[in-house]
Amino acid sequence: MAAREIITEYIDRQDAIYRRIALDIHAKPEVSNYEFFACERLSNQLKDEGFSVRVGVAGHRTGFSAVYKGKKPGPVLVFLAEYDALAGLGHGCGHNLFGATSSLAAAALKQVLDEEGGEVRVYGTPGEEGGENGSAKGSFVREGFLKDVDAALCVHPGDKHVASGPSLACAPVDIEFWGKPAHAAGAPEKGINALDALILTFNGINALRQHVTPDVRIHGIITHGGDAPNIVPAYAAAKFYFRAATAPGLENVYQRIVKIVEGAAAMTGAKGRLQPYQNRVENMVPTPSFDAVYGKELALLGHSLQSPDVKSGVGSSDVGNISQVVPTIQPSICITDGPTPWHTVEAREAARSEKGLASISLGAKALALTALDLIQDAALLARIQKEHGEKVREQAQ
């Protein structure tokens, strides 16, 4: 039997198992650094599939690495798995499907690897949505998990089949000020108002908005503004996201806001601090020739891949961190019957619908067959890697 048939028939046989996994994870949503059930469910299944599995990797207690090395040399290909949920909403981004799809794709590719050659891995990467110890893909890059990898693959649930598109680099930060408490009526002159410093920071950032490029997004919330109206606030805090289309652009914005915080501290006498509270998220570097291979395989499965609509606005994903160092695809796979906003109840329900569950098999086939193309055609992989290198250099300028 040809390798393509082995892969597709294996996915058909295993489909029910991975649907069950996706539904189980959907029913027990877990946020960043607490995805214990999802991590265990996926990593145990990959153990059963014959992978060598390590849990608690790259500094993330709910991260995992699953590896299978074929009997012949060949490229190292990684399927990225996400499985975190949104706080208060659950799987409104469909990551219950994401992790199941990548794991099934890897398990299917493993069936032909001894004959075809190469190595397949699944990296379970917690906290894509951010939060405590979030955006784990940055840790996987920093800790060297990508240093010998030739390409990375995954698909993200969406309302259309769309090729990988750009995303914004993002720096999640805490901004804090420490002042001095005093009676707000009886002795205000003895106090140093930390909230005033924080409000000045907000106003400074709002003034900055006139002087940034159109790709820049800055948004934040006050998480602590004082304890009582009659006490001068001794502590005030906010959380912010700074975003930009490229890493150099983001760093420029970051340093300008550092100066705003320093200025607010100087004006009020408060002590100020700006620091990251999780990994910085890098912008996505698409490699169109890589997506073209996925698009070809998706077409053979009866579906067409659309080009990304870069005018509709983009968010951020730590898949960008992976794309900075190896060729990476993250196309969208349709799980709805029409346009659906993400991070909503509607998206959450789609992630356990029949169409959502059917996307596991479709996505796994398209991903595994794309990976097979790279294994069987060394020249194709080399062209993709060359294009990727050129794109990385272009966006760094």
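Here a trainee and a mentor talk through some features of this predicted model.

Mentor: Residues are numbered from 1 along each chain as its sequence is written. In this predicted model, local features need pLDDT of at least 70 and side-chain atom pairs count only at pLDDT 80 or more, while totals for chains, interfaces and linings use all residues, and side-chain values use heavy atoms, leaving out hydrogens and water.

Trainee: Why does Val78 count as buried?

Mentor: Buried means under 20% relative accessible area, exposed over 50%, and partly exposed in between (1.4 Å probe, protein chains only). Val78 has 0% relative accessibility, so Val78 counts as buried.

Trainee: And what makes Tyr34 partly exposed?

Mentor: Its relative accessibility is 38%, so Tyr34 falls in the partly exposed class. Phe36 is partly exposed too, with a relative accessible area of 42%.

Trainee: What makes Tyr34 and Phe36 an edge-to-face pair?

Mentor: Rings of Phe, Tyr and Trp (its six-membered ring) pair if their centres lie within 6.5 Å; planes under 30 degrees apart count as stacked, over 60 as edge-to-face and the rest as tilted. By this rule there are ten aromatic pairs. For Tyr34 and Phe36 the centres are 6.3 Å apart and the planes are at 90°, which gives an edge-to-face pair.

Trainee: Why is the pair of Phe64 and Tyr83 called stacked?

Mentor: Planes under 30 degrees apart count as stacked, so the 15° between these planes, with 5.9 Å centre to centre, fits. Both Phe64 and Tyr83 are buried.

Trainee: How do you know that Arg61 lies over the face of Tyr34?

Mentor: The rule asks for NZ of Lys or CZ of Arg within 6 Å of the ring centre and within 35 degrees of the ring normal. Arg61 is listed over that face, at 4.7 Å from the ring centre.
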